[in-house]
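Subject: Structure for your review

Dear colleague,

Please find below the structure that I am handing over to you. I would be grateful if you read the notes after it with the model open.

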Amino acid sequence: ISFARGHSSPMSSLSSPPISVALGEILWDRFPDEDRFGGAPANFACSVAGLGRAQVRSVMVGAVGNDPLGEAALRELASRGVDISAIERRDEPTGEVRVTLDAAGVASYRFAEPVAWDRLTWTPSLESLVAQADLVAFGTLGQRDPVARRTILRFLDALPSRTIRLLDINLRPPHWKPETVVESARRADWIKLNDLELPVVADLFGIGGSESESAESLLRRLGLRGLALTRGERGSLLIAADGSRSEWPAEAVSIVDTVGAGDAFTAALALGLVHSLPLDAVHRWASRVASHVCGVAGANPPFPASLSLASFRESLA
């Protein structure tokens with residue numbers, strides 16, 4: 001597979017405040033002892049709102065059922081400062097996932113289907129939102145159903161060129177297809193993935209070599225602005241099309257569970273991108289944010305003021 005897409009031009013102006021859109025699944029993680037609100041895009045939206053506070057408008061685009069879990073999901077999002085006006089209500093049940101944790105606190109997931117977010121449809125509210133978005137975060141899991149996939153791709157294709165498109169690769173067997181990854185990657189400006197996903201994605205594009213070589217080749221092959229690679233206890237790597245590169249070790253933390261840590265990392269990265277902040281500084285901040293989430297239970301813990309976007313930007317002054 002070979003293709004390249006040109007870089008989108010840098011944003012000449014931002015909304016006041018800028019608008020970050022999370023596009024995809026909304027669900028409940030059902031742990032052995034309790035239920036916790038989740039879904040990678042929903043976690044991302046909550047983290048953007050929690051970190052950005054008044055400096056960003058975090059909008060969630062997805063679907064929930066006309067059921068108690070759907071009502072609870074909307075309350076959870078709204079209570080965290082997320083704009084829920086573009087969320088669709090449907091007759092299908094709200095999404096849920098059975099979660100188990102191993103001895104190290106690493107999660108595995110079993111997804112119910114079909115559910116409301118699988119049937120996300122195009123609405124007039126999406127038509128209006130698409131022209132306003134400064135950044136859109138989307139993933140591969142939310143496209144497992146053809147109905148939702150068509151809506152997500154339509155949204156991405158309608159975005160103005162200034163909008164940053166951030167793809168979070170999320171390979172949850174058996175809920176992904178190679179063509180979904182390929183078509184999503186073609187529409188991305190930045191890609192975030194982990195060290196287990198990188199060789200799988202690289203292979204789809206006929207890319208080999210070491211981890212670093214694969215990441216750099218993928219960036220060039222796709223014509224990306226940048227790529228973020230998370231590597232668990234080995235830290236993370238950010239590389240950009242301008243040749244800049246940032247490696248950062250994992251923060252020392254006593255892990256409670258890893259659920260939502262990658263989504264929080266992506267949220268911090270997104271806020272740094274939309275505000276055009278220095279890559280290496282954003283990387284350090286994103287690592288601290290992810291470590292905070294690893295150290296507490298659940299995917300959407302509150303963030304202390306010291307980790308907020310405002311505090312981070314003040315530290316750069």
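The notes below cover the two sheets, the aromatic contacts and the cysteines.

Please bear in mind throughout that this is a predicted model.

**The eight-stranded sheet**

Eight strands make up an open sheet with mixed pairing, and their order is β4-β1-β9-β10-β11-β12-β13-β14. At its edges are β4 (57-61) and β14 (245-248), each of which pairs on one side only. Direction ignored, neighbouring strands in this sheet are turned by 15 degrees against each other on average.

At the β4 end, β1 (residues 19-23) pairs with β4 in the parallel sense, over five bridges. Within that pairing, Leu23 has Val61 of β4 as its bridge partner.

Two helices may be described together with this sheet. Helix α4 (residues 146-158) packs on the sheet and touches β1, β9 (135-139) and β10 (164-168). The direction of α4 makes about 155 degrees with that of β1. Helix α8 (residues 261-274) lies across β9, β10, β11 (190-194), β12 (226-230) and β13 (236-240). With respect to β10, helix α8 runs at about 165 degrees.

**The four-stranded sheet**

A further open sheet consists of four strands in the order β3-β2-β7-β8, again with mixed pairing. Its edges are formed by β3 (35-38) and β8 (107-111); each has a single partner strand, so one side of each is left without a neighbour in the sheet. The average turn between neighbouring strands of this sheet is 30 degrees, direction ignored.

The mixed character can be followed strand by strand. β2 and β7 are paired in the parallel sense over four bridges, and here Trp28 stands opposite Glu96 in β7. By contrast, β7 (residues 95-101) and β8 run antiparallel and are joined by five bridges. Across β7 and β8, Thr100 stands opposite Ser108, and Leu101 stands opposite Ala107. These two strands form a hairpin with five residues between them. In the turn of that hairpin, Gly105 has a positive phi of about 85 degrees.

Helix α2 (residues 68-79) lies across β2 (27-30), β3 and β7. Relative to β2, helix α2 runs at about 100 degrees.

**Aromatic contacts**

How many aromatic pairs does a search of the whole structure find? There are three. One of them joins Trp28 and Phe37 in an edge-to-face arrangement, with 5.5 Å centre to centre and 70 degrees between the planes. Trp28 and Phe37 are both buried.

A contact of another kind involves Trp248. Arg284 lies over the face of this residue, at 5.7 Å from the ring centre.

**Cysteines**

The structure holds zero disulfides. Cys46 takes part in none, and the nearest cysteine sulfur, that of Cys294, is 17 Å away. Since a disulfide requires sulfur atoms within 2.5 Å, the distance of 17 Å rules out a bond between Cys46 and Cys294 in this model. Is Cys46 buried or exposed? Cys46 is buried, with a relative accessible area of 5%. Cys294 is likewise buried, at a relative accessible area of 13%.

With kind regards

Definitions and conventions:
Residues are numbered from 1 along each chain as its sequence is written. This is a predicted model: local features need pLDDT of at least 70, side-chain atom pairs count only at pLDDT 80 or more; totals for chains, interfaces and linings use all residues. Side-chain values use heavy atoms; hydrogens and water are left out. Rings of Phe, Tyr and Trp (its six-membered ring) pair if their centres lie within 6.5 Å; planes under 30 degrees apart count as stacked, over 60 as edge-to-face and the rest as tilted. Buried means under 20% relative accessible area, exposed over 50%, partly exposed in between (1.4 Å probe, protein chains only). A charge sits over a ring if NZ of Lys or CZ of Arg is within 6 Å of the ring centre and within 35 degrees of the ring normal. Two strands pair if DSSP finds at least two bridges between them. Axes are lines fitted to C-alpha atoms, for helices over the stretch in contact, and angles run from 0 to 180 degrees between N-to-C directions. Contact means heavy atoms within 4.5 Å.
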